[in-house]
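Student: I would like to learn how to read an interface and a DNA contact. Where do we begin?

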There are 2 protein chains.
Amino acid sequence: MSIPIPLRRPIAPVREASTDTACDNPRVSKPSTIVNLRELRQSCADCALSQLCLPASIGGADLERLDDIVRQRMPLDRGGVLFREGSAHPSLFVVRSGSLKTFVSLPEGDTQILGFHIAGELVGLDGLAGNGHQCTAEALERSSLCEVPFASLSDVAAKVPGLQHQLFRVMSREFVREQQHPVMMGRKQAMSRLAIFLRSLSERLRGIGHDPLELNLSMSRQELANYLGLVIETVSRLFSRLQAQGVLAVDRRIVRILQPAALAALAEKSDDEGK
Amino acid sequence: MSIPIPLRRPIAPVREASTDTACDNPRVSKPSTIVNLRELRQSCADCALSQLCLPASIGGADLERLDDIVRQRMPLDRGGVLFREGSAHPSLFVVRSGSLKTFVSLPEGDTQILGFHIAGELVGLDGLAGNGHQCTAEALERSSLCEVPFASLSDVAAKVPGLQHQLFRVMSREFVREQQHPVMMGRKQAMSRLAIFLRSLSERLRGIGHDPLELNLSMSRQELANYLGLVIETVSRLFSRLQAQGVLAVDRRIVRILQPAALAALAEKSDDEGK
DNA sequence: TCGTTTGGTTGACCAGGATCAAGTCGCGCC
DNA sequence: GGCGCGACTTGATCCTGGTCAACCAAACGA
């Protein structure tokens, strides 16, 4: 099954004010992709995501060393590519606002989406093994990110033990998150898969202070189906069924969870027993 | 779908000589689970896996600091549990010989196998996020491992930049390996899934110097089916079909790849086109 | 040597989800 | 407004893989 990759918009820096919601620090005002140190330090210290991100439990002086190497990227528009499979000079990215997908391309022209990434989540861990990035990361909507070139990160982490430790923590956190994907795909009932996905997204939104019952899906049905290992028609039917049962209120990509308990039951239902 | 977890054999240390094949260094001779420093240093330096493992590109003096914290575990028998979901004091493990599976338990009593791990591979990355291990690791056959308590590892990595770097590399390597699981599960044709698995295992065996065409499966059909997101009968039928087509020679758990090209074609066949 | 057990294979049948094919809706554009 | 397009929905049909059940064979113990 192939996903038609939408045409890429140019990735050139955009100048107008971004629509970030997760952070409320000063806007970048220069066309450069690297803001000056003063602005940056402030951004890490003030960032609403700092507790989820690298700065967590790092003191003021050490935080400056981190600031030295963190680059704040210009916002990426929908379809903008953060990195591609095989690209050298890998970086670690933290999503500040918006959302991305990561995917690999398969021999016959198919793709497999590996994950969706919302604010506070790391992207690019696959690039640290020394062979460049192993997947492609693309924005699902206008998104802003912080970039940490891996080479510098490694250096600074060696000098700042707290950062090293936190880096291990967040890497492990992403590793565990990734493990949820095969758990979901292992379910043989399509309904379970969707329910697991919705609950997981709901929890992640809660983690960044959003209403966990109001899901604003940034991915298309096609992308969601691909991620779930289903076809688009099945996903569409599942949404309709959940809407008919009163579990969800679905309005295009806006999904409201009306009966969290019912959704949980669907997610946990095992494959064999009572279908 | 539930996997019946086999009865655990006692995990008590066993004294007789182990059957390791990957390493040919001196056998542990004391009932203690920690061998003395002299023996250990030698083991890391001499270990056939050192290039895949943490010592890679670490010099003599630094290697000793690593040796200080690496514990060589008594071999685990089939069914022996390395760690369980939720267990505190997480460690990183490197498989020296044998093989393990990692899995999570699901609400309704089901399980999902997350991966099979052969010599040279890391197990336990899920435990570094600070909430203990998030899955259970169990030996599929008699296996020996090296253990690195994460707390000490973190300390030493802070002092040995080369180790820190190598640690990032191997973590990323395991991260990428893990990403192959959903790629495989995303295929809708059962045959593709099995073919992808067999090829991947074959490649991993090649990486540790084994014959890549002679697969000695250490997991049961049940475990394999669970990993692939299929039922045991389907897996059994697939093996029979591949045998009938002359692609494989299957004798219980010994699988010989007779037509690597045919297997590759099956693995890469996309879901839509031609069947 | 024979039961017994455990793991695996094979067959018959069925159903859930894929496929194929029409619609429908929302939205930008002229 | 009306057109056209892409994203999504819905229906009808088919087929792969799940289910249920019987069978087989290697390993083990009495």
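**The surface near DNA strand D**

Tutor: Of the 17 residues around DNA strand D, those that come nearest are A:Ser236, A:Arg237, A:Ser240, B:Ala190 and B:Thr234. A residue counts as near if one of its heavy atoms lies within 4 Å of the strand. This is a predicted model, in which local features need pLDDT of at least 70 and side-chain atom pairs count only at pLDDT 80 or more, while totals for chains, interfaces and linings use all residues. Residues are numbered from 1 along each chain as its sequence is written, chains are lettered from A and ligands numbered from 1 in the order in which they are written, and side-chain values use heavy atoms, with hydrogens and water left out.

Student: Which helices supply residues to the surface near DNA strand D?

Tutor: Helices are DSSP runs of H or I with at least four residues, strands are runs of E with at least two, and both are numbered from the N terminus. Here α7 (232-244) of chain A and α7 (232-244) of chain B each supply at least two residues. α7(A) gives the most, with four residues.

Student: What do the side chains of A:Ser236, A:Arg237 and B:Thr234 lie close to on the strand?

Tutor: Look for polar contacts, pairs of N or O atoms within 3.5 Å; within protein, one must be able to donate a hydrogen and the other to accept it, and residues adjacent in sequence count only if both atoms are side-chain atoms. A polar side-chain atom of A:Ser236 is 2.7 Å from a phosphate oxygen of DNA strand D. For B:Thr234, a side-chain N or O atom is 2.4 Å from a phosphate oxygen. A:Arg237 has a side-chain N or O atom 2.8 Å from a base nitrogen.

Student: How is the size of an interface given?

Tutor: It is often given as the accessible area lost when the parts come together. Buried area is that loss with a 1.4 Å probe, summed over both parts. Between chain B and chain A about 4300 Å² is buried, and carbon and sulfur atoms give 63% of this. By contact (heavy atoms within 4.5 Å), 49 residues of chain B meet 49 residues of chain A.

Student: How many salt bridges are counted between chain B and chain A?

Tutor: A salt bridge is a side-chain nitrogen of Lys or Arg within 4 Å of a carboxyl oxygen of Asp or Glu. The count is two. In one salt bridge, the side chains of A:Asp110 and B:Arg187 meet at 2.8 Å, N to O.

Conventions. Buried area = accessible area lost by both parts, 1.4 Å probe.
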